[in-house]
Amino acid sequence: MNTSLFGMEPPAPLSRDILGAGAAVLAGFALSVEDEVLCALMSVVEQSPFRNMVTPGGFRMSVAMSNCGALGWITDRTGYRYDLIDPETNCPWPNMPTAFQKIAVAAAEEAGFPGFVPDACLINRYEPGARLSLHQDKNERDFTQPIVSVSLGLPATFLFGGLEREDKTRRIQIVHGDVLVWGGPARLRYHGIAPLRDGEHPQLGRIRYNLTFRNAG
Ligand code: MD3
Ligand code: FE
């Protein structure tokens, strides 16, 4: 039965409230476009390869990163920032694929943030053991724009804290195809990824990819 004939919404795989105001989990939102998204991802990282960047404190990150879109997030000994140029290739970052833009804008809209204009997509690659320690995303100019994250491959434990580093963190399991949106009062909440558990994903093997879409300004 097509419920839309009755003017009803289809059963939405949304859980807007489990993470609090401004945060939404769109479970499986990327599944219908996973092939296009993965194909586009491979093309981006052929142009700007994954690399393990160094933090201002001198530690090499366990998560390998690349970017697409006008701006890319980078870190080195001098700090964290967005740049128009990939320091590895000395070329602009690859264009943001249409499939990337479409899913980011659609997810933001679904979560209540119409008019999202992503100009940066940070691509994270996790191998077993890789982690991202608790942090805020605050190198962007406009905190009224949300961040959209698309998870692919191995499952991960997402750590979700509060507005202060000391606030209690919750652990949430994220799986292949899940899309998370963070805006409004959730935009500056601390978050991270626990060390990735080893496993085998049917398409991607022992890897997790995460695409985070931002308006970096
Ligand atoms: C909550 N990436 O790249 S995405 C990052 O799965 C990052 O690779 C993680 O944190 C990953 O900066 C988590 C989810 C995410 C992204 C931004 C947020 C959650 C957020 C901003 C505010 C609050
Ligand atoms: Fe982050």
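Here is a short friendly exchange about a predicted model, its cores and its ligand.

Biologist: Glad to join you; what should I know about the model and its numbering?

Modeller: This is a predicted model, in which local features need pLDDT of at least 70 and side-chain atom pairs count only at pLDDT 80 or more, while totals for chains, interfaces and linings use all residues. Side-chain values use heavy atoms, without hydrogens and water, chains are lettered from A and ligands numbered from 1 in the order written, and residues are numbered along each chain from 1.

Biologist: Which element supplies the largest share of the largest nonpolar core?

Modeller: A nonpolar core is a set of buried (under 20% relative accessible area, 1.4 Å probe, protein chains only) Ala, Val, Leu, Ile, Met, Phe, Trp, Tyr and Cys residues joined through side-chain atoms within 4.5 Å. This one has 33 residues, and the elements supplying at least two each include β2 (23-26), α2 (98-110) and α1 (34-47). The largest share is six residues, and these come from α1.

Biologist: Lovely; which residue in β5 is the bridge partner of T75?

Modeller: Strands here are DSSP runs of E with at least two residues. β4 (residues 72-76) and β5 (residues 79-83) run antiparallel, joined by five bridges, and form a hairpin with two residues between them. Within β5, the partner of T75 is Y80.

Biologist: And how much of the accessible area of ligand 1 does the protein cover?

Modeller: Oxygen atoms of ligand 1 lie 2.6 Å from a polar side-chain atom of Y126 and 3.1 Å from one of H135. On its own, ligand 1 has 500 Å² of accessible area (Shrake-Rupley method, 1.4 Å probe). The protein covers 98%.

Terms used:
Buried means under 20% relative accessible area, exposed over 50%, partly exposed in between (1.4 Å probe, protein chains only). Helices (H or I, at least four residues) and strands (E, at least two) are DSSP runs, numbered from the N terminus. Two strands pair if DSSP finds at least two bridges between them. A polar contact is a pair of N or O atoms within 3.5 Å; within protein, one must be able to donate a hydrogen and the other to accept it, and residues adjacent in sequence count only if both atoms are side-chain atoms.
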